[in-house]
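Please open the structure in a viewer and keep the sequence panel visible. The tour below proceeds by selection, one site after another.

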Amino acid sequence: MKRRIRRSEQEYSIDCCALCKLNENCPDKYGEKITLKSHELTVHYFCLLMSSGVYQRGEENEGIYGFLVDDIKQEVSRSYRLKCAVCKKNGASVGCYVKSCRKMVHFPCGKQHQFIFQFTDPFPSYCKDHSPTQSLPVSSCVSEPLSCSVCLDPIEAVLSYSVLKCPACHGSWFHRDCVQNQAHSAAMFFFRCTLCNNKDMFQQEMLRVGIHIPERDAAWELEENAYGELLQVYQHCDANKCLSHSGRTNSSRTGSFQILRCMLCGSRGTHRKCASLNAFETDWACEDCAAAVDATASLPRHTDSPQPAGQRRSRSSKRSLILTPRQSPIVCKRPSLSGSSAKEILQELASQISQHHPSMPVVVSGNKVLEAAMELVKRSDFKPSHALAVRFTSSKHIPSPGNTQRFLSLLVQQLQNTIFEGPDGAKNLTLDAQALREDVYFDVGCLLSLSLIHGGPPLGFFSRALYQHLFNFPRDTPLTVEDMGNTVFADKVKKIQESKSLEELREAMQSASEYLEVAGCMRPVDSLSDKDALVEDIVSFHLITRMQLPFQRFCEGLKTLGVFDQVQMFPGAFASLFCSSPDKLTAETMSALFTVKFSEQEETTGKESAVVTFWRHYLVECEVGRCATSLEDVLIYATSTDVVPAIGFSPNPTLSFLNPLDPAGAFPESQPSSNHLVLPVVPSYQVFKKNMEYAVCQLTVMQAI
């Protein structure tokens with residue numbers, strides 16, 4: 001028997017792997033191919049790593065990465081007696097980790113037949129019947145994928161061995177081979193979800209489903225002189241006629257013959273004098289970039305800082321373009337937001353708001369909130385990532401968080417009457433030529449994003465059709481005539497839809513002929529059944545086709561601070577925030593908003609507990625109308641807003657207590673800047689109610705003045 005083993009082993013050359021008997025050198029598939037000539041031994045690293053009967057008993061520099069040569073030879077001998085379940089040949093060294101399963105395979109055979117190899121201690125392997133699988137969450141609000149997020153080719157939306165998904169966002173799906181190639185390229189330090197950018201949870205899941213992640217730097221970081229070109233500075237004058245006597249490559253440190261590079265592409269240059277630039281000018285764009293910017297300047301993409309009217313572009317000549325420096329867009333850089341609610345996602349986006357930079361001042365004259373907001377976004381120094389400092393001219397108080405809340409609440413109300421039409425709570429975009437010319441669609445989208453991130457109220461006025469067109473949610477839901485709202489056109493389309501005979505249908509079409517001509521829907525009808533396709537085409541034209549440019553600019557505005565991208569990723573989570581009115585305040589929800597902070601003295605805790613009971617009873621009476629104040633009035637008193645912000649309160653509202661010397665004359669105190677309410681400890685509910693009503697009503701009267 002021993003002689004037969006030796007003769008069989010001699011049938012394979014030293015270049016073949018002793019475990020799988022293949023001669024291939026493919027590090028991505030089988031790991032590094034390692035040969036020890038002194039021992040006449042060659043193995044693939046993955047074949048060795050996944051073998052069931054060999055362990056690292058040596059140091060890293062002994063044998064093959066800690067696998068001793070004698071141990072490897074013993075494993076070769078052991079595996080020779082085992083038959084592969086795939087190719088039926090001897091030498092199967094990899095077994096299913098489930099003890100009751102007896103399947104053994106060569107490593108390459110296992111890869112071909114959907115074995116899962118987990119490249120993490122204890123390096124188990126699983127056959128097709130026992131391999132770990134993925135599943136969708138029970139309440140997933142992520143739409144089904146259309147393509148692989150790595151190669152962008154179409155993908156079947158069914159989880160399997162070949163199709164995997166990100167465990168963090170559930171929206172990034174990919175082919176197994178694609179994500180394995182990505183892992184080999186990015187390696188441990190850069191391998192993450194291409195959609196949500198999650199790293200830790202994503203890598204753990206990929207290891208679980210058999211993706212190998214090399215423990216090294218990324219492939220592009222290991223290339224020799226990979227970034228050598230970045231160290232070369234372009235030094236050449238590309239003007240049609242160079243005026244330098246020293247040649248086009250000559251550049252002085254300062255002055256007329258200093259070479260300036262294109263501020264947009266950096267791959268073209270000119271001497272100052274050759275481009276007719278003044279000595280103090282440092283910004284210059286080449287002809288190609290100038291033409292591109294000039295073509296799109298009428299529709300600026302100011303996701304961070306829009307230029308004011310009349311200053312969005314300036315030309316010095318046909319050959320050069322002097323531009324104000326553009327700021328980089330503000331977007332969410334690390335949106336690891338899987339399974340989060342809309343409030344949690346907005347809170348993550350709000351981390352972009354800088355408290356270390358000067359606040360953006362906003363001065364509101366009277367009730368002209370919309371005018372002040374439009375002026376804000378058109379300022380050249382507008383930065384949505386800076387905090388807002390709002391001051392109403394009718395108020396003598398300095399800017400405060402309460403003013404910001406009031407400003408954003410009024411702003412959302414007034415924005416509904418700008419580029420929107422339809423009933424309250426179900427508005428669509430309207431087509432307005434002047435608004436397009438002045439780019440109001442962009443500005444409104446920008447302001448809505450700004451409001452959501454800076455603590456404004458939920459929007460709650462988008463129609464189902466508007467939200468579906470913006471974010472494709474819910475999917476595969478057809479638009480109807482009702483989605484057109486209460487418009488003259490909708491009434492005419494309804495008459496077409498409600499036609500009972502062919503004659504009625506033709507009469508209804510004739511009465512709406514002008515609109516049908518514009519929509520390209522005026523056509524002969526031969527039967528009553530033609531009306532369904534006709535109505536569908538009209539609704540599609542009215543709500544989608546004619547609104548393409550407004551939708552495009554509105555979406556660009558919503559991208560401010562990364563809002564649009566996150567809503568598009570999690571449309572189900574945001575649907576109620578955009579389309580449903582905020583839930584009416586109740587005594588229960590109001591009480592749950594506030595965290596009670598009792599005193600540390602035990603002798604006062606009992607009295608304070610009684611005041612908490614008074615507080616809850618007072619909220620119930622406010623809800624049922626037995627008080628002079630409403631729940632909204634109380635919330636305004638404590639936090640300066642009458643509705644819970646879309647992003648939630650920051651900090652969370654709290655209650656504390658005051659032990660006065662004269663309880664009868666003690667009134668509650670509010671600290672809206674910190675969402676804090678101080679309740680006096682009083683002996684009876686009647687005194688508590690009287691003092692609460694007085695304090696809240698006083699604030700209401702002051703605001704009215």
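A residue is called buried when its relative accessible area is under 20%, exposed when that value is over 50%, and partly exposed in between. The model shown is predicted, and the burial terms below apply to it.

**First stop: a pair with unlike surroundings**

Select Asp424 and Lys427. The two form a salt bridge, with 3.9 Å between the closest N and O atoms. Side chains of opposite charge can pair when their charged atoms come close. Is Lys427 buried or exposed? Lys427 has 5% relative accessibility, and because the limit for buried is under 20%, Lys427 counts as buried. Asp424, by contrast, counts as exposed, at 70% relative accessibility.

**Second stop: Phe462 and the core**

Keep Lys427 displayed and add Phe462. Lys427 is one of the residues that Phe462 touches, leaving aside those up to four places away in sequence. The other residues in that list are Phe420, Gly425, Ala426, Leu448, Leu470, Phe554, Phe578 and Cys579.

Widen the selection to the largest nonpolar core, which has 85 residues. Which of its members touch the most other members? They are Phe407, Phe420, Leu448, Phe462, Phe554 and Phe574. Now colour helix α14, residues 440–453, which gives the most to this core, with ten residues. Apart from this core lies another, of 34 residues, including Phe46, Met50, Ala92 and Phe117.

**Third stop: two further salt bridges**

A search of the whole structure finds twelve salt bridges; two more of them are worth selecting. Begin with Asp483 and Arg464, whose closest N and O atoms are 2.5 Å apart in their salt bridge. Arg464 belongs to helix α15 (464–471), while Asp483 lies in the loop between α15 and α16 (488–497), so the pair ties together parts that are 19 residues apart in sequence. Asp483 counts as buried, at 11% relative accessibility, whereas Arg464 is partly exposed, with a relative accessible area of 33%.

Next, select Asp537 and Arg523, which form a salt bridge with 2.9 Å between the closest N and O atoms. Here Asp537 lies in helix α19 (residues 530–543) and Arg523 in the loop between α18 (513–519) and α19, so this pair ties together parts that are 14 residues apart in sequence. Asp537 is partly exposed, at 32% relative accessibility, and Arg523 is partly exposed too, with a relative accessible area of 30%.

**Fourth stop: a patch on the surface**

Switch to a surface view and select Met188, Phe189, Phe190 and Trp220. These residues form a nonpolar patch on the surface, with about 360 Å² of accessible area together. Helix α6 (residues 176–190) gives the most to the patch, with three residues. Met188 lies in this helix and is partly exposed, with a relative accessible area of 31%.

**Last stop: confidence**

Finally, colour the chain by pLDDT. The chain has a mean pLDDT of 82, and 87% of its residues reach 70 or more. Which element has the highest mean pLDDT? It is α14, at 94, while helix α1 (residues 2–10) has the lowest, at 40. Select residues 1–11: pLDDT stays under 50 there, and the model has three contacts for them beyond four places in sequence. Residues 296–338 also stay under 50, and for this stretch the model has 118 contacts beyond four places in sequence.

Terms used:
Residues numbered from 1 in each chain as written. Predicted model: local features only at pLDDT ≥ 70, side-chain atom pairs only at ≥ 80, totals over all residues. Heavy atoms only, no water. Core = buried A, V, L, I, M, F, W, Y, C linked by side-chain atoms within 4.5 Å. Buried < 20%, exposed > 50% of the residue type's maximum accessible area, 1.4 Å probe, protein only. Helix = DSSP H or I, 4+ residues; strand = E, 2+ residues; numbered from the N terminus. Contact = heavy atoms within 4.5 Å. Patch = residues over 30% accessible without salt bridge, like charges linked within 9 Å, V, L, I, M, F, W, Y side chains within 5 Å. Areas by Shrake-Rupley, 256 points an atom, 1.4 Å probe, with all protein chains shown as cover. Salt bridge = Lys/Arg side-chain N within 4 Å of Asp/Glu carboxyl O. pLDDT = per-residue confidence, 0-100.
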